[in-house]
Amino acid sequence: MTSFIGKRALASGISLIGLVILVFFLSRLTGDPTNLYLPLDASIEAREQFRDMNGFNDPLIVQFGRYVADLVRGDFGQSLQQARPAMEVVLQAFAWTLWLAVITMTCVTVAAIVIGSLAAFRVGGIFDRLATFFSLVGASAPDFWLAIVAIVIFAVNLQWLPTSGTGTPWHWVLPVAVLFIRPFGLILQVVRGSMISVLSSAYVKTARAKGVRTRPIIFVHGLRNAMLPVITVIGDQAAAILNGAVVIETIFGFPGIGKLMIDSILLRDFSVVLASIMVSALAIFIMNMLIDIAYAMLDPRIRY
Amino acid sequence: MTDTKIRATPKPRSPLAWAAMLWADKLAFFAALFLLLALLSALLGPWLLGDLATKQNLRGRNAPPFDVTRGWAYVLGADALGRPLLARIVVAAQNTLMVAAGAVLGSAIIGSALGLVAGYSRRRAAQWIMRLGDVIMSFPSLLLAVIVLYMLEPSVANIVLVLAITRIPVYLRTTRAEVLEIRERMFVQAARVMGASDRRIVFRHILPVALPTLVTIATLDFAFVMLAESSLSFLGIGIQPPEITWGLMVAQGRQYLTTAWWLSFWPGLAIILTTLSLNLLSNWLRIVLDPAQRWRLEMKGRKNGRPSAGSL
């Protein structure tokens with residue numbers, strides 16, 4: 001197990017180093033941040049001074065060397081936009097996104113497993129057809145469009161919920177609800193497919209023949225064995241949210257890492273871009289590890 | 001499993017048999033019909049309605065939908081410059097579908113070629129290809145889009161490039177996983193024993209077996225890429241006006257949300273219907289391409305009193 005984690009960490013580490021190098025050099029290609037931060041009428045000297053202060057005048061390779069040297073000492077650079085350490089800015093935003101991902105994925109997992117299992121129990125029944133069709137519709141809808149429609153209906157016309165921002169629990173309802181729909185559709189499909197094949201296996205038939213009641217058959221005998229492919233998809237979907245639900249966070253003014261990422265890319269806040277990439281990479285690595293451990297717990301045949 | 005596949009493939013299927021199997025799944029049938037309509041709009045739309053879609057009519061600014069006094073093109077309403085929404089949606093189909101098709105085709109070809117190499121050769125190159133896939137996968141697509149937007153000019157071709165690059169790992173991983181499994185099968189080993197060259201083994205024995213999976217993934221991915229393109233355009237780092245796509249139309253309508261909901265609603269609905277159709281069709285395709293499940297569709301065709309040519 002330890003050697004497995006070590007091996008995986010090594011592979012991810014190599015990819016991450018490659019990624020940081022690539023992002024460092026490619027992001028500088030998008031232009032000079034000076035003009036974005038200084039007022040239009042700033043003098044040439046002021047612009048020069050800004051560049052000097054932030055080291056944008058040095059050759060790229062020198063800048064990169066300095067960045068790596070700082071990185072080794074645990075310094076991720078300063079955010080140009082907020083004049084605070086970049087890592088502090090990123091971690092603050094990440095905490096918001098983490099909560100968003102945890103709440104959304106908990107709701108999605110519970111709902112998709114319950115509805116998917118029930119749909120799989122009577123394949124082709126009316127409940128199954130409705131669940132399949134609506135989950136497909138959900139999986140097909142662009143999230144920004146859903147967000148807009150939800151705002152028009154619930155915030156503007158009915159005035160039940162706030163349009164954007166944070167502060168009260170009510171502010172979480174719309175972002176979570178909109179983020180819920182696509183993963184729910186996808187995971188429901190996987191639960192259903194996986195359960196259908198498990199429920200037609202011999203040991204389930206045996207249990208049924210012995211007179212075990214329906215509910216234990218579905219949720220005890222069936223579910224545990226149907227969970228493996230489901231967990232993979234849950235992991236993928238959670239990773240997508242952790243990587244930044246950019247569109248949703250932008251529309252709802254949610255201060256998460258996705259909004260931070262797009263803002264800092266557009267404002268050439270390079271240190272923040274790099275720090276947020278590293279934080280999401282670490283989060284996704286940890287989550288993949290948890291998923292692999294869940295695999296081993298669910299299926300004793302899997303060993304690392 | 002292997003046996004059924006080998007026995008099932010040589011049987012030739014006429015277009016009629018395909019149509020019967022499509023008719024057997026009503027949802028897939030309507031999905032195919034809608035996709036055909038979208039395809040026709042993409043091919044003929046700009047040629048037929050190009051002028052109408054750009055003709056401004058300031059009297060008809062934000063004209064409400066379901067009002068045909070101005071003409072049938074205004075049945076879905078008009079946008080902020082009085083341009084008929086229906087005509088604009090039809091014309092935008094071209095860019096929307098072209099971007100998705102280009103990106104899927106590009107990433108599928110490059111990704112599966114790399115996947116074949118990574119899965120078949122045991123050399124170091126395979127390791128490097130996989131690491132490259134990991135890097136691409138974790139590279140933020142937004143940053144890539146912004147880089148391309150600033151380095152090259154924002155054009156349809158460059159958006160295709162961005163989306164194609166970000167989707168390569170999907171095909172790379174799937175193809176590699178498939179190849180790793182197929183290469184151990186008996187018929188591949190038999191071919192190797194008979195002295196077949198690597199090229200022949202890969203293209204003649206491995207690729208045809210992996211192809212159905214790849215086609216199914218590409219169908220699903222088409223929908224995903226369409227959504228990704230609309231998200232980029234929505235954030236303002238995708239297609240730039242005066243070019244239009246459905247995603248951009250949704251974004252442009254956003255500021256009139258409270259007064260004219262139809263500006264964003266209809267193009268969004270076009271996106272949903274297209275992706276939904278693709279998903280339904282891909283479900284159908286998965287059943288058709290799976291010899292163990294195909295009977296479901298063939299049986300249904302017969303039960304409805306239609307002799308399905310495939311089974312005769």
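Two residues are in contact when heavy atoms lie within 4.5 Å of each other. With that rule, A:P33 touches A:F56, A:L80, A:L267, A:R268 and A:F270, leaving out residues up to four places away in sequence. That is one small spot in a predicted model of a complex.

**Ground rules**

This is a predicted model, in which local features need pLDDT of at least 70, side-chain atom pairs count only at pLDDT 80 or more, and totals for chains, interfaces and linings use all residues. Residues are numbered from 1 along each chain as its sequence is written, chains are lettered from A and ligands numbered from 1 in the order in which they are written, and side-chain values use heavy atoms, with hydrogens and water left out.

**Confidence**

The term pLDDT is the predictor's confidence in each residue, from 0 to 100. Chain A averages 82, and 98% of its residues score at least 70. Chain B averages 78, and 84% of its residues score at least 70. Over residues 1-10 of chain B the pLDDT is below 50, and this stretch has seven contacts beyond near neighbours in sequence. Residues 301-312 of chain B also stay under 50, with 14 contacts beyond four places in sequence. Where pLDDT is low, the predicted coordinates should not be read in detail. For the complex, the predictor gives an ipTM of 0.74 and a pTM of 0.77.

Helices (H or I, at least four residues) and strands (E, at least two) are DSSP runs, numbered from the N terminus. Among the elements of chain A, helix α2 (residues 34-37) has the lowest mean pLDDT, 75, and helix α5 (residues 86-121) the highest, 88. Among those of chain B, helix α1 (residues 2-8) is lowest at 47, and helix α4 (residues 85-120) is highest at 88.

**Chain A as a whole**

Chain A has 13 helices and zero strands. Its C-alpha trace spans about 85 × 55 × 30 Å along the principal axes. Buried means under 20% relative accessible area, exposed over 50%, and partly exposed in between (1.4 Å probe, protein chains only). Of the 304 residues in chain A, 47% are buried. Among contacts in chain A with a separation of 6 or more, 73% join residues 24 or more positions apart.

**Transmembrane spans**

An unreviewed UniProt entry places the feature "transmembrane region" at six stretches of chain A, including residues 9-29 and 270-298. For chain B, UniProt (unreviewed entry) places that feature at stretches including residues 97-120 and 156-174. UniProt positions are given in the numbering used here, feature names are shortened, and annotations may be inferred rather than shown by experiment. The table shows what the model has there.

| Span | Helix | Strand | End C-alpha atoms apart |
|---|---|---|---|
| Chain A, residues 9-29 | 95% helix | 0% strand | 30 Å |
| Chain A, residues 270-298 | 100% helix | 0% strand | 42 Å |
| Chain B, residues 97-120 | 100% helix | 0% strand | 33 Å |
| Chain B, residues 156-174 | 100% helix | 0% strand | 28 Å |

**A covered helix**

Helix α12 (residues 257-266) of chain A is mostly covered, with seven of its 10 residues buried. Among them are A:I257, A:L260, A:M261 and A:I265. The cover comes from both chains. It includes α5, α10 (214-242), α11 (246-251) and α13 (270-298) of chain A, plus α6 (141-151) and α9 (198-235) of chain B. Just after α12 of chain A, A:R268 takes a positive phi of about 55°.

**Three buried loop residues**

A:R268 leads back to A:P33, since the two are in contact. A:P33 sits in the loop between α1 (2-28) and α2 of chain A. It counts as buried because its relative accessibility is 1%. A:P33 and A:M287 are 254 residues apart in sequence and 34 Å apart in space, C-alpha to C-alpha.

B:T245 lies in the loop between α9 and α10 (246-253) of chain B. B:T245 counts as buried because its relative accessibility is 0%. Beyond four places in sequence, B:T245 touches B:A92, B:N95, B:T96, B:E229, B:S233 and B:I239.

B:L257 lies in the loop between α10 and α11 (262-289) of chain B. B:L257 is buried, with a relative accessible area of 13%. Outside its neighbours within four places in sequence, B:L257 is in contact with A:I148, A:V152 and B:S264.
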